[in-house]
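Reader: Could you walk me through how the labels on this model were reached? I would like to see each value set beside its rule.

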Amino acid sequence: MNTTSVRATALDRLVPAAAAALLLPAASACFPDPVPAAGAVQCDSVFSSGGASDAPVTAEVVVLIDVSASMWTDQGYPGLAERIAADAVDADVFGAADQRRLSVGLFGGPGAPAFPLDRVPLPEAVGLADGRQATDRQAVTECLEKELGERVPGEGAQRPGSDILRALTAGAGRLEGNTEDGKDGEDGEDADRRLLVYTDGLANTGCLDMERYFGDGLGSEEVAADCAASGEDRGLDLSGIDVRLHLQDTGAEARDSSQDAAVRSYWEQVCAAFGGTECLEQAQAPGGYVDAAEPGAEDPEVALPSAEFPDRGTVSLPSQLLFAFDSAVLRDEAEELLDEAAAHLRGDGAEAPSVTVTGHTDSKGGDDYNEDLSLRRAEAVADYLESAGFAEVSVVGEGERDPVCEGDYQDGELLDGACAQENRRVDIEIAD
């Protein structure tokens with residue numbers, strides 16, 4: 001994209017530059033000291049790392065892009081530059097008064113994110129009176145799109161693992177309004193503070209490793225408590241920050257809709273545990289891919305639970321696709337999976353057969369507790385099947401008495417996470 005040839009309107013004023021402060025060395029050649037443009041907007045003058053004034057910071061945007069190995073496909077990395085640029089420099093941010101700052105971080109592997117753009121002041125917005133603000137914002141957006149296209153995936157693509165918590169803490173730390181000085185000073189709580197994260201959501205490094213949730217059977221509150229106890233969360237507090245988590249469908253992991261729902265539910269719970277609200281954005285497939293070499297190492301696999309639909313016999317549904325931790329209330333997303341199960345049980349016939357719904361747990365809790373939880377879960381599934389036209393449905397709560405495999409827990413300590421995940425299930429069997 002040649003943005004210098006398609007924009008005839010210049011930004012009136014650009015903030016002074018300190019391009020040497022950019023973390024990537026090559027950036028110094030791209031961001032010389034800005035001067036008032038005489039003609040079209042020059043992309044190498046749009047962003048700088050200096051020039052902060054005494055004016056309050058009224059809008060801060062931090063963008064975090066997952067470039068870990070699991071984001072790579074045989075087509076390369078998702079081409080998200082256009083979408084991210086539009087999200088990061090929208091009309092509300094660009095039109096805000098005083099200072100507006102932008103940071104862009106790339107994360108992948110166990111290390112801290114790299115920030116090729118770090119608290120960069122956006123060019124001063126012109127007023128609406130002369131009708132130029134929208135034109136100038138579009139020019140700045142296109143410059144950012146070009147910049148992202150040149151920098152993503154970056155070095156993080158060569159590192160295995162995805163530590164989303166570390167990325168979140170680093171990103172939140174770049175928001176001045178998230179510091180005590182920022183909260184008490186003139187950069188007040190009314191400022192627009194945004195944290196935009198683009199990832200496949202498959203955390204497999206650190207205390208938010210999803211194996212602890214899906215395999216070990218820990219609740220999100222337990223996971224968050226462990227993150228606090230280990231110090232890995234670094235006191236992360238997402239309250240007061242507009243967090244937007246974009247879970248990307250890269251195609252690298254073949255997930256069905258029920259598994260996607262479970263991943264989304266995990267991040268909804270994690271976000272809430274750290275003080276965030278309504279963090280998840282609607283997932284979108286990438287519009288294209290950035291050509292990049294295959295990473296030299298693979299991400300550890302996240303073993304997501306999956307439903308089984310045999311030709312004949314029992315339908316087995318993992319509890320974690322149906323219920324939140326320690327809950328017998330069906331997730332909203334569970335309806336699609338139960339509809340699929342109901343259609344499978346009906347087969348070619350229009351009439352619903354008689355079925356028995358049996359709940360099962362792992363062996364972590366006490367016998368009475370597990371039996372009660374398994375029964376309540378079986379009743380929740382039975383109620384849904386009855387609403388779907390199954391007239392004869394019986395329920396059983398087996399607790400931990402009929403495991404798929406032995407040795408998931410011993411004295412409350414996890415021995416085999418994969419086994420425990422298999423044991424937590426609801427079976428639906430056609431009655432004889």
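Author: Gladly! Let's begin with residue classes: Ala, Val, Leu, Ile, Met, Phe, Trp, Tyr, Cys and Pro count as nonpolar, Asp, Glu, Lys and Arg as charged, and the others as polar. By these classes, the lining of the second largest cavity has six nonpolar, no polar and two charged residues. Please keep in mind that this is a predicted model.

Reader: What makes two residues of that lining charged?

Author: The lining consists of V104, L106, P116, L117, E147, L148, R151 and V152. Glu and Arg belong to the charged class, so E147 and R151 are the charged pair. The space in this cavity is about 40 Å³. Helix α4 (133-151) and the strands β3 (99-107) and β4 (114-121) each give two or more residues to the lining, and α4 has the largest share, with three.

Reader: Which residues line the largest cavity, and how do they divide by class?

Author: Around it are I164, L168, L238, V243, L245, W267, V270, C271, F274 and C279. They divide into 10 nonpolar, no polar and no charged. About 70 Å³ of space lies inside, and α9 gives the most to the lining, with three residues.

Reader: Why is A139 called buried?

Author: Buried means under 20% relative accessible area. A139 has 2%, so the label fits. A139 lies in helix α4, and its C-alpha atom is separated by 8.4 Å from that of C43, 96 residues away along the chain.

Reader: How do you know that C207 and C227 form a disulfide?

Author: The rule asks for two cysteine sulfur atoms within 2.5 Å. Here S to S is 2.0 Å, so the pair qualifies. The link is right-handed, with 115 degrees about the S-S bond. C207 sits in the loop between β5 (192-199) and α7 (211-215), while C227 belongs to helix α8 (residues 220-230). With 6% for C207 and 0% for C227, both cysteines are buried, because each value is under 20%.

Reader: How many disulfides does the whole structure hold?

Author: The search finds three. Another joins C271 to C279, with S to S 1.7 Å, and both of these cysteines also line the largest cavity. There is also the link of C405 to C419, at 2.0 Å, again right-handed, with 125 degrees about the S-S bond.

Reader: What makes C405 and C419 a tie between parts of the chain?

Author: C405 lies in the loop between β11 (393-399) and β12 (409-410) and C419 in helix α13 (residues 417-423), so the disulfide ties together parts that are 14 residues apart in sequence. Both cysteines are buried.

Terms used. Residues numbered from 1 in each chain as written. Predicted model: local features only at pLDDT ≥ 70, side-chain atom pairs only at ≥ 80, totals over all residues. Heavy atoms only, no water. 1 Å grid on protein atoms, 1.4 Å probe; cavity = no way out; pocket = protein on both sides within 12 Å on 5 of 7 lines; lining within 4 Å. Points joined across faces, edges and corners; volume = space filled by probe spheres on them. Helix = DSSP H or I, 4+ residues; strand = E, 2+ residues; numbered from the N terminus. Buried < 20%, exposed > 50% of the residue type's maximum accessible area, 1.4 Å probe, protein only.
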